[in-house]
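Good morning, and thank you for coming. I would like to take you through one model today, helix by helix. Please have the sequence and the structure open as I speak.

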Amino acid sequence: MNGNCIGCTDSRMITDEAIERMIKRIECSDSFNLVDDDTYHHRLASCMRCQEYEGRECRVCGCIMVIMAKLFNTRCLHQHGSKWDEPVKKWN
Ligand code: SF4
């Protein structure tokens, strides 16, 4: 893991601290629809068992999953179908 987000340019470094700040900003904002905690943890557990998960990112979509799994309108785009068992429950 070299700290680069594969969904962004190679020159952009995403630190753990920056990810924590993004998560807090998302959780405190009214602009995002979030899933409930059970759905979030279930999604992350599915990612961690997935062959496309590397470091903290999904190689299919290039997203940092500890952030993306919180968002209600995101989907797993695995080539053999979603690895996230829905239903999704909203948190707010
Ligand atoms: S393909 Fe789906 S389950 Fe696998 S890492 Fe990406 S989002 Fe997670």
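Asp37, Asp38, His41, Met48 and Arg49 are exposed, on the other side of helix 2 from its buried residues. I should say at once that this is a predicted model.

Which residues of helix 2 are buried? They are Thr39, Arg43 and Cys47. Viewed along the axis of helix 2, these buried residues lie within an arc of 70 degrees, so they line one face of the helix. Their cover includes strand 1 (53–54), strand 2 (57–58) and helix 3 (65–68).

The length of helix 2 can be checked as well. Helix 2 covers residues 37–49, and its 13 residues should span 18 Å at 1.5 Å a residue; the end C-alpha atoms are 19 Å apart, which agrees.

His42 also sits in helix 2. Is His42 buried, exposed or partly exposed? It has 18 other C-beta atoms within 10 Å, and because a residue needs 20 or more to be buried, His42 counts as partly exposed. Its C-alpha atom is separated by 9.2 Å from that of Ala69, and the two residues are 27 apart along the chain.

Ala69 brings us back to helix 2 by another route. Neighbours within four places in sequence aside, Ala69 is in contact with Tyr40, Arg43, Leu44 and Cys47. Two of these names have come up already: Arg43 and Cys47 are among the buried residues of helix 2.

Let me turn to the core. The largest nonpolar core consists of six residues, namely Cys47, Cys58, Cys63, Ile64, Met65 and Ala69. In general, nonpolar side chains in soluble globular proteins tend to be buried together. For the protein as a whole, 14% of the 92 residues count as buried.

Some of these core residues return at the ligand. Which residues surround the ligand? They are Ser46, Cys47, Cys50, Glu52, Tyr53, Cys58, Val60, Met65, Cys76, His78 and Lys83. Sorted by class, this shell holds seven nonpolar, two polar and two charged residues. Cys47, Cys58 and Met65 belong both to the shell and to the core.

Now to helix 1, residues 16–28. Its 13 residues reach 18 Å from the first C-alpha to the last, close to the 18 Å expected at 1.5 Å a residue. How many of its residues are buried? The count is zero, and helix 1 is hardly covered.

Ile26 is placed in helix 1. With 14 C-beta neighbours inside 10 Å, Ile26 counts as partly exposed. Apart from neighbours within four places in sequence, Ile26 is in contact with Phe32, Ile67 and Lys70. Ile26 and Ile67 are 41 residues apart in sequence, yet their C-alpha atoms are 8.5 Å apart in space.

Between helix 1 and helix 2 there is a loop, and Asp36 lies in it. Asp36 likewise has 14 C-beta neighbours inside 10 Å and counts as partly exposed. From the C-alpha atom of Asp36 to that of Leu71, 35 residues apart along the chain, the separation is 9.6 Å.

I shall end with the overall plan. The protein has three helices and two strands, and along the sequence they follow the pattern α-α-β-β-α. Of the contacts between residues at least 6 apart in sequence, 58% join residues at least 24 apart.

Notes. Residues are numbered from 1 along each chain as its sequence is written. This is a predicted model: local features need pLDDT of at least 70, side-chain atom pairs count only at pLDDT 80 or more; totals for chains, interfaces and linings use all residues. A residue is near a molecule or strand if its C-beta atom, placed from the backbone, lies within 6 Å of it. Ala, Val, Leu, Ile, Met, Phe, Trp, Tyr, Cys and Pro count as nonpolar, Asp, Glu, Lys and Arg as charged, and the others, Gly among them, as polar. Helices (H or I, at least four residues) and strands (E, at least two) are DSSP runs, numbered from the N terminus. The expected span of a helix is 1.5 Å times one less than its number of residues. A residue is buried if 20 or more other C-beta atoms lie within 10 Å of its own, exposed if 12 or fewer, and partly exposed in between; C-beta atoms are placed from the backbone. The arc is that of the directions from the helix axis to the C-beta atoms. Two residues are in contact if their C-beta atoms, placed from the backbone, lie within 7 Å. A nonpolar core is a set of buried Ala, Val, Leu, Ile, Met, Phe, Trp, Tyr and Cys residues joined through C-beta atoms within 7 Å.
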